[in-house]
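Welcome, and thanks for opening the viewer. Could you take me through this structure, stop by stop, telling me what to select next and what is there?

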Amino acid sequence: MTDHPLLARIRLNPHSRDVQRDLRDATEMHRTAMRLVPDHLGHSARQQAGLLYRIDETDTASTLLVQARHLDLTRLHNGYGHGEVKSLAPMFQALREGLTVRYRIVVNPSKRELLPKSADSKRGRIIPLAGADADQWWTRRAADAGLHLNTLIPTPLQPARPHGKDASSMRHSLLRYDGTATITDPTALTTGIGRAKPYGAGLLSLAPATTR
């Protein structure tokens, strides 16, 4: 294992049946991402591996980003795509308080409904947030993660739909946020943000902001 996480950037092969299946099924995409980390991690294997992932799509290509403490791309299905792995150590070492960065993240803004006291220990359902409520949710979560947002641009994405007999029936609403931010606590930027991490949410990408 490494002190800093690794990042794999995999350009997906659109003709691969495995890729087509994973893009339709969030459960299968999560399973493919988990193939890249060591086996036998025990309970909460995703958390043990520090695994986060995101799909970045353009008009011409789909790219799978996977972050974890250890990654082995030889475990991908044949013909799945072309990828490379790099250490994120240089990025984390360059972060400092007051640095302005560009960011991208996919998140699942949501809140749990409040139940009356008569409900005892029952937990309320998860309610997705949109519009200004989602923006405020991301602003708060970013602050907790060591970022002061300067700008934010939300882009609604297709909800993640888990499949399979053991999968939750819940649809996970996803929003992508792009913008600029100022680092307030570099030590807080090491883990994912928010819910739905098994479904492609929570991976924060940072790059130095360009100045003109």
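Before the first stop, one term: two strands count as paired if DSSP finds at least two bridges between them. Keep in mind too that this is a predicted model.

**Stop 1: the sheet.** Select β1, β2, β3 and β4. Together they form an open sheet of 4 strands in the order β2-β3-β1-β4, and the pairing is antiparallel. Look at the edges: β2 (52-57) and β4 (81-87) stand there with a single partner strand each, so one side of each has no neighbour in the sheet. From one strand to the next, the twist averages 15°.

**Stop 2: a pair of strands.** Now colour residues 6-12, which are β1, and residues 62-68, which are β3; these strands run antiparallel to each other and are joined over 6 bridges. To see one bridge, pick A8 and look across to β3, where its partner is V66. Then add residues 26-34: this is helix α2, which packs on the sheet and touches β2 and β3. The direction of α2 makes about 120° with that of β2.

**Stop 3: the largest pocket.** Select L23, I55, E57, Q158 and L174. Of the 21 residues lining the largest pocket, these are the closest to its centre. The pocket holds about 510 Å³ of space. Two or more lining residues come from each of α1 (17-24), α2, β2, β9 (153-160) and β10 (172-183). Which element gives the largest share of this lining? That is β2, with 5 residues. Coloured by class, the lining shows 11 nonpolar, 2 polar and 8 charged residues.

**Stop 4: the second largest pocket.** Move on to R9, M91, S205, L206 and A207, the closest to the centre among the 22 residues that line this pocket. Its volume is about 360 Å³. Elements that supply at least two lining residues include the four strands β1, β2, β3 and β4 from the sheet, and also α4 (89-94), β5 (100-107), β10 and β11 (205-208). By class, this lining has 10 nonpolar, 5 polar and 7 charged residues.

**Stop 5: a loop residue.** Finally, select L152, in the loop between β8 (147-149) and β9. Is L152 buried, partly exposed or exposed? Its relative accessible area is 27%, and because buried means under 20% and exposed over 50%, L152 counts as partly exposed. Show its surroundings: leaving out residues up to four places away in sequence, L152 touches Y103, D135, W138, T139, Y177 and D178. Try the distance tool on L152 and Y103: they are 49 residues apart along the chain, and their C-alpha atoms are separated by 9.2 Å.

Note on methods. Residues are numbered from 1 along each chain as its sequence is written. This is a predicted model: local features need pLDDT of at least 70, side-chain atom pairs count only at pLDDT 80 or more; totals for chains, interfaces and linings use all residues. Side-chain values use heavy atoms; hydrogens and water are left out. Axes are lines fitted to C-alpha atoms, for helices over the stretch in contact, and angles run from 0 to 180 degrees between N-to-C directions. Contact means heavy atoms within 4.5 Å. On a 1 Å grid over the protein atoms alone, a cavity is a set of points where a 1.4 Å probe fits but cannot get out, and a pocket is an open set with protein on both sides within 12 Å along at least five of seven lines; lining residues have an atom within 4 Å of a point. Grid points are joined across faces, edges and corners, and a volume is the space filled by probe spheres set on the points. Ala, Val, Leu, Ile, Met, Phe, Trp, Tyr, Cys and Pro count as nonpolar, Asp, Glu, Lys and Arg as charged, and the others, Gly among them, as polar. Buried means under 20% relative accessible area, exposed over 50%, partly exposed in between (1.4 Å probe, protein chains only).
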